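Work through the exercises below with the structure open beside you, and try each task before you read its solution.

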Amino acid sequence: MCVMEAGSADMDMSAGDEPSAAAAATVRATVVQASTVFYDTPATIEKAEGLIAEAGKKGSQLVLFPEVFVGGFPRGSTFGAVIGSGGPGLAKGKEDYRKYFASAIDVPGPEVTRLGGFAAKYKVYLVIGVVERDVYTLYNTVLFFSPLGELLGKHRKLVPTALEQAIWACGDGSTLSLYDTPVGKIGALVCWENKMPLARTALYGKGIQIYCAPTADDSELWLASMRHIAVEGGCFVMSANQFCLRKDYPPPPGYTFAGFDQEPPPETVVCCGGSVIVSPSGTVLAGPNYEGEGLVTADLGFF
């Protein structure tokens with residue numbers, strides 16, 4: 001694939017467009033850095049629409065949201081998990097999980113229909129992380145929508161990281177898909193599954209052009225990984241993370257943060273974002289944003 005890092009061109013994403021391996025000359029892409037409205041999926045969906053509308057006003061054709069934006073990343077939660085024992089926190093852990101399970105969405109389902117409607121209304125390709133509920137099982141899932149509102153498909157995180165496996169089941173290779181669209185070949189890996197060389201290689205082998213990496217990792221090493229993947233795969237990389245304060249989660253004692261010596265004050269930053277867009281040469285085109293909620297936008301140039 002041949003790419004360049006600058007340039008500008010308009011692109012028509014009307015219903016008659018056919019997928020092209022070469023993609024459009026220039027694609028305006030936006031990464032959303034924002035927090036879930038935790039335990040309130042309807043409010044999160046409304047927030048998503050506002051952010052998609054804002055990206056649309058910027059002329060964005062592709063919009064990426066963070067890992068499990070709908071449903072929420074349960075940062076600091078233990079769900080009462082203690083190896084070999086129920087532990088004193090088991091009852092509260094069960095109640096926490098009940099509320100978390102209730103915040104998940106069915107795919108397909110009414111929330112998916114609404115998200116597809118937003119993609120159509122604002123004429124964008126939408127890639128968004130959700131907590132997917134499949135009967136009694138939860139998955140860390142990425143949904144892909146076309147500007148016609150169609151659900152193109154989904155990717156389930158292959159191996160949830162560490163304690164995440166207490167709440168999310170493993171995906172499998174059947175959802176390791178690429179979507180050939182007028183804006184380019186789009187695919188995704190979630191957070192630390194980007195550390196799985198064979199998963200990355202599978203996407204490279206399919207000719208990925210725009211590599212989406214929704215995440216919950218705000219470390220400096222994450223930025224290094226995104227730049228490496230861009231160079232390794234010869235593709236644009238878009239990484240979306242949430243920016244969260246303690247007050248973006250429910251207050252204690254209903255929701256408590258493990259990993260702190262004491263309950264953090266409401267204004268404490270518990271995830272500082274770092275959302276970024278990187279070119280195939282490893283150049284940072286936009287971001288990283290460690291300052292707050294916002295949109296990170298760049299023009300991805302192809303030739």
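**Exercise 1. Find which residues are linked with Glu132 in a network of salt bridges, and describe the pair that Glu132 makes with lysine 154.**

Step 1. The network of salt bridges links Glu132, Asp134, Lys154 and Arg156, where a salt bridge is a side-chain nitrogen of Lys or Arg within 4 Å of a carboxyl oxygen of Asp or Glu. This is a predicted model, in which local features need pLDDT of at least 70 and side-chain atom pairs count only at pLDDT 80 or more, whereas totals for chains, interfaces and linings use all residues. Residues are numbered from 1 along each chain as its sequence is written, and side-chain values use heavy atoms, with hydrogens and water left out.

Step 2. In the pair of lysine 154 and glutamate 132, the closest N and O atoms are 2.7 Å apart. Lysine 154 belongs to strand β6 (residues 151-156) and glutamate 132 to strand β4 (residues 125-134), so the salt bridge ties together parts that are 22 residues apart in sequence. Strands (E, at least two residues) and helices (H or I, at least four) are DSSP runs, numbered from the N terminus.

Step 3. Glutamate 132 counts as buried at 1% relative accessibility, and lysine 154 counts as partly exposed at 22%. Here buried means under 20% relative accessible area, exposed means over 50%, and partly exposed lies in between (1.4 Å probe, protein chains only).

**Exercise 2. Describe how β5 is joined to β4 and to β6.**

Step 1. Begin with β4 and β5, which run antiparallel and are joined by nine bridges; two strands pair if DSSP finds at least two bridges between them. One partnership to look up is that of arginine 133 with leucine 138 in β5.

Step 2. The hairpin of β4 and β5 has two residues between the strands, and valine 135 takes a positive phi near 60° there.

Step 3. Go on to β5 and β6, which also run antiparallel, with five bridges joining them. Phenylalanine 145 has leucine 151 in β6 as its bridge partner. The hairpin of β5 and β6 has five residues between the strands, and in its turn glycine 149 has a positive phi of about 90°.

Step 4. Finally, consider the surroundings of strand β5 (residues 137-145), which is mostly covered, eight of its nine residues being buried.

**Exercise 3. Decide whether strand β8 is enclosed or open, and trace its links to β7 and β9.**

Step 1. Five of the five residues of strand β8 (residues 184-188) are buried, so this strand is largely enclosed by the rest of the structure.

Step 2. Strand β7 (residues 179-181) runs antiparallel to β8, with three bridges between them, and tyrosine 179 has isoleucine 186 in β8 as its bridge partner. A hairpin connects β7 to β8 through two residues.

Step 3. With strand β9 (residues 210-212), β8 runs parallel, again through three bridges, and glycine 187 is partnered by tyrosine 211 in β9.

Step 4. Helix α4 (residues 197-205) completes the picture, since β8, α4 and β9 make a right-handed β-α-β unit; a crossover is right-handed if, with the strands pointing away from the viewer, the path from the first strand over the helix to the second runs clockwise.

**Exercise 4. Work out which parts of the chain are tied together by the salt bridges of arginine 246 and lysine 247.**

Step 1. Arginine 246 forms a salt bridge with glutamate 263, and their closest N and O atoms are 2.4 Å apart. Both residues lie in the loop between β11 (243-245) and β12 (269-272), so the pair ties together parts that are 17 residues apart in sequence.

Step 2. Arginine 246 counts as buried, at 3% relative accessibility, while glutamate 263 is partly exposed, with a relative accessible area of 29%.

Step 3. Lysine 247 forms a salt bridge with glutamate 267, with the closest N and O atoms 2.9 Å apart. This pair links distant parts of the chain, as lysine 247 and glutamate 267, both in the loop between β11 and β12, are 20 residues apart.

Step 4. Lysine 247 counts as partly exposed at 48% relative accessibility, whereas glutamate 267 counts as exposed at 52%.
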